[in-house]
Amino acid sequence: MKRTARSSEPRKSEPSAAKPASRPMRSLPQRTCVACRTARSKRELVRVVRSPTGELSVDLRGKAPGRGAYLDPDAGCLERGLAEGVLARALEIDIDGMTADRLRGELATAAKERRPSA
Ligand SMILES: [Zn+2]
């Protein structure tokens, strides 16, 4: 019994209507990690955002309103950013110990989600 090659399997093409047309396209947006000053594409970094109410959090989708700063999804960069005060400066807010702890947790979660599961 002979099988013919699967004919015309429909290729799943990228959804064309997914992007809002409001924003002008830029080629590969780059951001700089505030701690180590390495420029990377935006998707490789995590955004820490200070919400309009003054709450800091890791913004997993990169779209939360507020003032943001980018960090590598790396505990070392977070610690450095906290220790050197660059994160606080970038976000124009004092970061207390509790907030720092929460950011550590959120960044760890973000780093895990970002990494392709091996
Ligand atoms: Zn970094």
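## Cys-36 and its partner

Cys-36 counts as partly exposed because its relative accessibility is 22%; the label covers values between buried, under 20% relative accessible area, and exposed, over 50% (1.4 Å probe, protein chains only). Cys-77 is buried, with a relative accessible area of 10%. Keep in mind that this is a predicted model, where local features need pLDDT of at least 70, side-chain atom pairs count only at pLDDT 80 or more, and totals for chains, interfaces and linings use all residues.

## The zinc site

Both cysteines bind zinc: the protein donors of the ion are Cys-33 (SG), Cys-36 (SG), Asp-72 (OD) and Cys-77 (SG), at 1.8 to 2.3 Å. Donors here are N, O and S atoms within 2.8 Å of the metal (3.2 Å for Na, K and Ca), and water is not among the atoms, so sites may look incomplete. The spacing along the chain reads C-x2-C-x35-D-x4-C. Cys-36 and Cys-77 link distant parts of the chain, 41 residues apart: Cys-36 sits in the loop between β1 (30-32) and β2 (39-41), Cys-77 in helix α1 (residues 75-83). Helices (H or I, at least four residues) and strands (E, at least two) are DSSP runs, numbered from the N terminus.

## Asp-59

Over in strand β4 (residues 56-59) you'll find Asp-59, which counts as buried at 9% relative accessibility. A polar atom of the Asp-59 side chain lies 2.9 Å from the backbone nitrogen of Ala-64. Setting aside neighbours within four places in sequence, Asp-59 is in contact (heavy atoms within 4.5 Å) with Arg-47, Val-49 and Ala-64.

For bookkeeping, residues are numbered from 1 along each chain as its sequence is written, and side-chain values use heavy atoms, with hydrogens and water left out.

Definitions and conventions
Polar contact = N/O pair within 3.5 Å; in protein donor to acceptor, adjacent residues only side chain to side chain.
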